[in-house]
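Dear colleague,

Please find below the structure that I am handing over to you. I should be grateful if you would look through it alongside the notes that come after it.

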Amino acid sequence: MPENLLELRGISKRFSGVVALDSVDLTLQRGRVLALLGENGAGKSTLMKILSGAHRPDGGTIRLDGREVHLRSPDEAQALGINIIHQEFSLVPHLDVVENIFLGRERTGRFGLRAKRIMRQEAQAMLDRLGARIRLDSPVAQLSVAEQQFVEIAKALLRQTRILIMDEPTATLTTDETARLFRLMRDLKASGVAIVFISHHFEEIFAIADDVVCLRDGRVVGEGLVASYSARDLIRLMVGREVNHTYPPKAVGPRRSDGLEIRSLQRKPHLPEVTFTVRAGEVLGIAGLVGSGRTKMVRALIGADRAHRHEVYLRGTRLKISSPADARRAGIGLVPEDRKRQGLILDASAPENILITNLRKVCNPLWRFIDRAAADRISREHLRNLAVKTSSLRQAVRTLSGGNQQKVVIAKWLNADCEILILDEPTRGIDVGAKAEIYRLIRELTARGFAIIMISSELPEVLGLSDCVMVMRRQRVERFFDRGEEVTAENIMAYATGGNHV
């Protein structure tokens, strides 16, 4: 039996004349993890869509077990044991967990009826194996992003899998959840499964991957054993230049007294009250495990979710916020963790997304129509200031890279003249080069006097960017580290997990 389970040779793909893949070679071996690296737009997603049957290549061959195969649909790929865990979830929001996991391949019993009990047992067993505590009868629309990720993983693993493609599977997972996933991946390796692992986290690549292939501009620019590369080597291959991995310096000098003060925010009568302050010119980092209440707390703050009670003060003046529109008028904007579903109109252009929060800037006051020249001028200014890369002003944002999409969401709130920005997982699904740009942007905004609330599951990000750190656990603030206090990753995890009480 040959060691090479799958071989891709000379794979090429064009979209409207633009080269997405240029003669790419890739080999997968049984029982090994291949890390596939590259900046957003390098061709990773296109290559994986070809391997999973969603796209057909314009040229090249695919061999499975030494035999040439033609993958004309995802169903054909799955029939051959090729499954993918998508970064963008392929879940049906109104169906429950079990229905999503077995969608299109339901277990049946006598007379062709669905075997609901068997499906529930299998789904529960897999979620237990993943260490995910999720109610099986919950519609996935009601689940957190991390819980939806586990449903997506369970959905793929419950198929007969020989090749598993994992596209950013840890993007929403905590350190402990990632460790459980890695244990499962090692079990799959031991059973002979070949895994393609796409991640922007180098510590994960060095922890789990055996081999690496790096793409840039649709071409393979490096490949070999992971152990033969350093993180700096891989970054240089990915971006074709040196990227400074250090975080921009934090605020110095006397702190300002103005900012946003939250008093007694209580989402529901039985939950604890949350109180905190973020000052102008500073970053308040909010850390905590998935499910600690970070995202729900800021959604209640801006009126996206109803709060039982809360008092919000900006520069000492109390605000009345019962909806996101109220928050916008008060100068508070939220960059959500799920930018594609909650932050963008994907089929609209970058200017249309940017201008929607403040159409008065481009609306002719006499005739009430959009001044196209003013709209283009303002849009170009925001796109230039944030270094958003687009082929034209009319390009749909769904075709932009993750980093550029995130900058468009930020530009939207800058156009609304917001002075308080809430960034929920600001670098989720963003490559190393775009991360550095987002970090520089955060520092530029604080230098201009913005107050920023940043939720992040990446402890180095929290430590590197935050002036103050708030740790949440079980819907409450466990600890607030003010500027000047010593804070370490160990401190944060102790409070986030309740270890400080042991």
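The notes below set out what was found, beginning with the strands and ending with the salt bridges. Please bear in mind throughout that this is a predicted model.

**The β1–β2 hairpin**

At the start of the chain, strand β1 (residues 4-15) pairs with strand β2 (residues 18-29) in the antiparallel sense, over eight bridges. Asn-4 has Gln-29 of β2 as its bridge partner. The two strands form a hairpin with two residues between them. In that turn, Ser-16 has a positive phi of about 50°.

**The surroundings of Val-196**

Val-196 belongs to strand β8 (residues 194-198). Its relative accessible area is 0%, so Val-196 is buried. Once neighbours within four places in sequence are set aside, the contacts of Val-196 are Leu-28, Leu-34, Leu-36, Met-48, Leu-164, Ile-165 and Met-166. For one of these, Leu-28, the separation from Val-196 is 168 residues in sequence, while the C-alpha atoms are 8.0 Å apart in space. Leu-28 falls within the residue range of β2, 18-29.

**Aromatic pairs and charges over rings**

How many aromatic pairs does a search of the whole structure find? The search gives three. In one of them, the ring centres of Tyr-247 and Tyr-439 are 4.9 Å apart and the planes meet at 50°, so this pair is classed as tilted. Tyr-247 sits in the loop between α8 (231-239) and β11 (259-266), and Tyr-439 in helix α15 (residues 432-447); the pair thus links distant parts of the chain, 192 residues apart. The two rings can also be described by their accessibility. Tyr-247 is partly exposed, at 27% relative accessibility, whereas Tyr-439 is buried, at 8%.

Another pair is formed by Phe-481 and Tyr-495, whose ring centres are 6.0 Å apart; because the planes stand at 80°, the pair is edge-to-face. Phe-481 lies in strand β20 (residues 476-481) and Tyr-495 in helix α17 (residues 489-497), so the pair ties together parts 14 residues apart in sequence. Both Phe-481 and Tyr-495 are buried.

Phe-481 also takes part in an arrangement with a charged side chain: Arg-479 lies over the face of its ring, at 4.2 Å from the ring centre. Elsewhere, Arg-263 lies over the face of Tyr-313, at 3.9 Å from the ring centre.

**Salt bridges**

The search of the whole structure finds 26 salt bridges. Those described here include bridges within helices, one between loops and a network.

Asp-233 and Arg-236 form a salt bridge through their side chains, with an N to O distance of 3.4 Å. The two residues are three apart in helix α8, and are therefore separated by about one helical turn. Asp-233 is partly exposed, with a relative accessible area of 28%, and Arg-236 is likewise partly exposed, at 35%.

A salt bridge also joins Asp-326 and Arg-329, here with 2.7 Å from N to O. Asp-326 and Arg-329 are three residues apart in helix α10 (residues 324-330), so about one helical turn separates them. Which of these two residues is buried or exposed? Arg-329 is exposed, at 57% relative accessibility; Asp-326, with a relative accessible area of 17%, is buried.

The salt bridge between Asp-347 and Arg-398 has an N to O distance of 2.7 Å. Asp-347 is in the loop between α11 (339-343) and α12 (350-355), and Arg-398 is in the loop between α13 (372-385) and α14 (402-415), so this salt bridge ties together parts 51 residues apart in sequence. Asp-347 is exposed, with 60% relative accessibility, while Arg-398 is partly exposed, with 45%.

Arg-398 also appears among the contacts of Gln-405. Gln-405 is located in helix α14 and is buried, with a relative accessible area of 1%. Leaving out residues up to four places away in sequence, Gln-405 touches Arg-339, Lys-340, Leu-344, Val-397, Arg-398 and Leu-400.

Finally, a network of salt bridges links Arg-30, Asp-65 and Arg-162.

With kind regards

How values were computed:
Residues numbered from 1 in each chain as written. Predicted model: local features only at pLDDT ≥ 70, side-chain atom pairs only at ≥ 80, totals over all residues. Heavy atoms only, no water. Helix = DSSP H or I, 4+ residues; strand = E, 2+ residues; numbered from the N terminus. Buried < 20%, exposed > 50% of the residue type's maximum accessible area, 1.4 Å probe, protein only. Contact = heavy atoms within 4.5 Å. Phe/Tyr/Trp six-rings, centres within 6.5 Å; stacked < 30°, edge-to-face > 60°. Lys NZ or Arg CZ within 6 Å of the ring centre and 35° of its normal. Pairing = 2+ DSSP bridges. Salt bridge = Lys/Arg side-chain N within 4 Å of Asp/Glu carboxyl O.
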